[in-house]
Amino acid sequence: MAMSSFSPTTPVRTVCYQPSNCPKSLKSLRDTYSGGPNCVQCNLIFRNVVSRSSAASSVTLRTGVRQLAGKTLDVKQVSEARQLRTLTITRATIEEIQAEKSAVESNVKERMEKTIESVKSKFNSIRTGRANPSMLDRVEVEYYGAPVSLKSIAQINTSDSSSLVVQPFDKSSLKAIEKAIVTSDLGMTPTNDGEVIRLTVPPLTSERRKEFAKTVAKQAEEGKVAVRNIRRDGIKAYQKLEKEKKLSEDNVRDLTSDLQKLTDEYVKKIDAIYKQKEKELLTV
């Protein structure tokens, strides 16, 4: 096979040529031409002759000169000492790397989007002094023996800036809805006229506004922690692919950097919706 140029920066995987004495594989290398990899298990330095096959993803490494304990051995001497081995390894193509990246990023984005929605839902359940149907999003009603969300069995509207009207699809559920609102932490007293339930949103005191502001700050921080944990899971997924020899160390480093940028983007989204909610709470 004809020799061809091979960039020293190209990630290459190899293994120790003394499997009986050194069972551990060497990591991805950058020093193919600069002395070869040094196995820390048996202190054996490999100086590899590198050739490339016609397939872009296939690289063959063949031992040319080995140096052990300060003594240089030529190929013939090494061959007499132990069988000369040729190792052919397969590197991931650009298409394969992109496929692995897309799979991990897709999962990460989906989970981060759900985190954003969860934070928004928690924020919406905290009243700001103005009537908003989303204030009742987390209210669950015992309906025919099973807990269901209030918004799934009733229509919720605002009659003015401080009032909510709950119109159940089934009038027989009025009492159950009234009970659920009373036992919730909304701090509102429902009025049941036999047709609909009316709620008056009381104005927030300065102290109450500050308490709610602290609550949303905590919820925002929890959301950011959740996003960072998702990033950590993504990094672990890349590292697993590296161990499976599907990605190189350089690939993982680059993909981890991209994952950090994505994480920063979602953290900024949480900060933005938090600042908006804090403004609503503190505006009298």
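**Exercise 1. Find out how exposed Lys 269 is, and which residue shares a salt bridge with it.**

Step 1. Lys 269 has 33% relative accessibility and therefore counts as partly exposed; buried means under 20% relative accessible area, exposed over 50%, and partly exposed in between (1.4 Å probe, protein chains only).

A word on the model before we go on: it is predicted, local features need pLDDT of at least 70, side-chain atom pairs count only at pLDDT 80 or more, and totals for chains, interfaces and linings use all residues. Residues are numbered from 1 along each chain as its sequence is written, and side-chain values use heavy atoms, with hydrogens and water left out.

Step 2. The partner of Lys 269 is Glu 113, with the closest N and O atoms 3.7 Å apart. A salt bridge here is a side-chain nitrogen of Lys or Arg within 4 Å of a carboxyl oxygen of Asp or Glu.

Step 3. Lys 269 sits in helix H5 (residues 249-282) and Glu 113 in helix H2, so this pair ties together parts 156 residues apart in sequence. Helices (H or I, at least four residues) and strands (E, at least two) are DSSP runs, numbered from the N terminus.

Step 4. Glu 113 is partly exposed too, at 34%.

**Exercise 2. Work out how far apart Glu 110 and Lys 114 are along helix H2.**

Step 1. Their side chains meet in a salt bridge of 3.8 Å, N to O.

Step 2. Because they are 4 residues apart in helix H2 (residues 94-124), about one helical turn separates them.

Step 3. Glu 110 is partly exposed at 45%, while Lys 114 is exposed at 55%.

**Exercise 3. Trace the network that includes Lys 224 and Asp 271.**

Step 1. Begin with the salt bridge between Lys 224 and Asp 271, whose closest N and O atoms are 3.0 Å apart.

Step 2. Lys 224 lies in helix H4 (residues 206-243) and Asp 271 in helix H5, 47 residues apart.

Step 3. Lys 224 is buried at 13%, and Asp 271 is partly exposed at 25%.

Step 4. Through shared partners, salt bridges join Glu 221, Lys 224, Arg 228 and Asp 271 into one network. The whole structure has 15 salt bridges.

**Exercise 4. Give the strand order of the four-stranded sheet and name its edges.**

Step 1. The open, antiparallel sheet runs E8-E9-E11-E10; two strands pair if DSSP finds at least two bridges between them.

Step 2. Strands E8 (154-160) and E10 (191-192) are the edges, each pairing on one side only.

Step 3. E10 pairs with E11 (residues 197-200) over 2 bridges, and Asn 192 has Ile 197 as its bridge partner.
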